Amino acid sequence: MDDVAAAGIVSPAGPDQGHPRKWMILSAVSIGMFMALLDVTIVNIAIPAIISDTHTTVTHVSWVLNAYNLVLASLFLSVGRVSDRFGQKRVFLAGLVLFTLFSLLCGLAPGIGWLVASRAGQGIGGAALSTVSLAIVLGAFPKHQQGTAVGLWGALGMIAAAVGPTLGGVLVTYASWHWIFFVNIPVGIAALVFAIVVIPEHRREGAYGGLDLPGIAISATGLFLLTLALIEGSQWGWTSLRILGLFAVAVVSYPVFLWWELHTKDPMFPPKLLRIRSFTAANSAMMFIGMSMGGTFLLVVIFIVSVLGYSELDAALALTVMPVTALFIAPNVGRLTDRFGPRIFAAMGAAFFVLGLVLLAQLDGSTKLIDVLWRGIFVGAGIGFAMPTLSAAAMGSLPPQVRGVGAGALNTLRQVGFTLGVALLVAVFSHSVAANARTATEQAVAYVSGQAQIPPSVKANIIANIERNAAAAATSGGGAAASQLGKITLSTSSNAPAGSPEAEAEKKLGERIGTIYKTNIGRSFRWPFYAAALAALLAVFPALLTGRRLGEHEGHEEMSHAQRAAATAAEKT
């Protein structure tokens, strides 16, 4: 008996023709998904404007991002189970309403507290849209077209990632940060009307029994605390009692959750799903891909701005090469996945990630922007190959009545991996920046000390300025430190008359000191990118364990009536 049958999960037999309005269903779902994913990328560009307008701090405004991510990670699994119980269409429509309503409240926010609370509300809607949309799409398409459908569904996410930063920059520049939220309102209303008309009601016959409220509470609490610890670890201190306590409770919640799910009559997440090899392998690979992606985009932006000296908007435009590359690849890979299965393409995606990240690790202070761009193409290829194939492999191995909770599990592991990747890579980067900054300061001081033509008093002044600025930058940590260290030569001047030999010598001295810092800070990105590449490499192995064909583990549809009856009886007992 195959993996699904062994897990005791049975779906109705019958021909797989797909829904007659499947392409319209894909369009309706994609509009809502596009809105949710656009908001994820568009907000980052508006952060400086929000700080200025609300008169708040970087720490406080970071919760505009954190509140959304916390709610997403906490609710993915629960929302998936709710959709299996009460209907995917109902939950998707509720997600659209909530996301649109809280977008309006975000745009009207008079202060940072209101904005953070409204962003948390957006997270509830975003969790519903992200989780249920994939289940709806797979339910509308026959198995031989599911790879294509998931590829197109994923391509919409790539478009949102590509458009978001640029659109955010335009709205903030020519209107205000409020409009990055107001833009969701007409889109949300249109998506709601379209979805009501097009998306069919979800048949819930055969869905697992009641609503497991204790299971939902345990999983949501554990995921919330784990995500909070990863987000705040660098701010509160990784060895602080608060962080250790959060990790301890989160770790304990996992075996408690599994114990409860094994003993409750109607489990939120049937542990038997873990027996389905393709589902478990794809989820594991997705978590490692999430880890490799998590900190990579952040590090590339910091490198372009702090080391190469470009603006944040320039960095956002440069990053678009990754989602644009993925956009061209994902739909085509989806069609190939229908024909040849997800295994090879998922592994190729992880391998492209490894290659791109290893190439990014070779960047240094002498890098040109074009060097970042062509390396980013390989990372984009990794996204285009891996994301749709892993999604199709995980969801295609499940019967319809558990696809909601299956999609929730997939999104949860991706989000946890993403958050874990940010935390780990930022920690490695901060340590690397601190070490290289010390080396740069020592080299700069030694270089100034060796300039015999500079009077001792001027030398002392320049060295004091270097050490003072380096010490101030060191207290910032991470990207802020890298940015300040890149500007460290601004305070080395002794105000010599312009055009004088002293001023020219000073200019050359400042350029040399700047090169020293630029070279050393550029090296700080090497090990973080290698760490991300290692996470992507770990994704190759579970990717190779996914099915050779989509749905190859769904032989339960060809089971005899007696086999189905026996499996159903086993499930009930």
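## Helix H15 against helix H21

In this predicted model, the crossing between H15 and H21 is left-handed. H15 covers residues 343–360, and its axis lies 8 Å from that of H21, at an angle of about 170°. Because angles over 145 degrees count as roughly antiparallel, H15 is roughly antiparallel to H21.

On the H15 side, the contact is formed by Arg343, Ala346, Ala347, Ala350, Ala351, Phe353, Val354, Leu357, Val358 and Leu360. The H21 residues that they meet are Phe529, Tyr530, Ala532, Ala533, Ala536, Leu537, Ala539, Val540 and Ala543. Classified by residue type, this contact of H15 with H21 contains 18 nonpolar residues, no polar residues and one charged residue.

## Helix H12 against helix H21

H21, which spans residues 526–543, also packs with H12, residues 296–307. The axes of H12 and H21 are 11 Å apart and enclose an angle of about 160°. That angle therefore makes H12 roughly antiparallel to H21. H12 and H21 likewise cross in a left-handed sense.

Thr296, Leu299 and Val300 of H12 are in contact with Pro528, Phe529 and Ala532 of H21. The residues of this contact comprise five nonpolar and one polar, with no charged residue.

## Residues of H21 in both contacts

Which residues of H21 meet both H12 and H15? Phe529 and Ala532 appear in the contact with H12, and Phe529 and Ala532 are also listed in the contact with H15. Pro528 of H21 is listed in the contact with H12, whereas Tyr530 and Ala533 are among the H21 residues that meet H15.

Key: Residues numbered from 1 in each chain as written. Predicted model: local features only at pLDDT ≥ 70, side-chain atom pairs only at ≥ 80, totals over all residues. Heavy atoms only, no water. Axes fitted to C-alpha atoms, helices over the stretch in contact; angles between N-to-C directions. Helix = DSSP H or I, 4+ residues; strand = E, 2+ residues; numbered from the N terminus. Parallel < 35°, antiparallel > 145°, perpendicular 65-115°, else oblique. Left-handed = near helix turned anticlockwise from the far one by under 90°. Contact = heavy atoms within 4.5 Å. Nonpolar A, V, L, I, M, F, W, Y, C, P; charged D, E, K, R; others polar.
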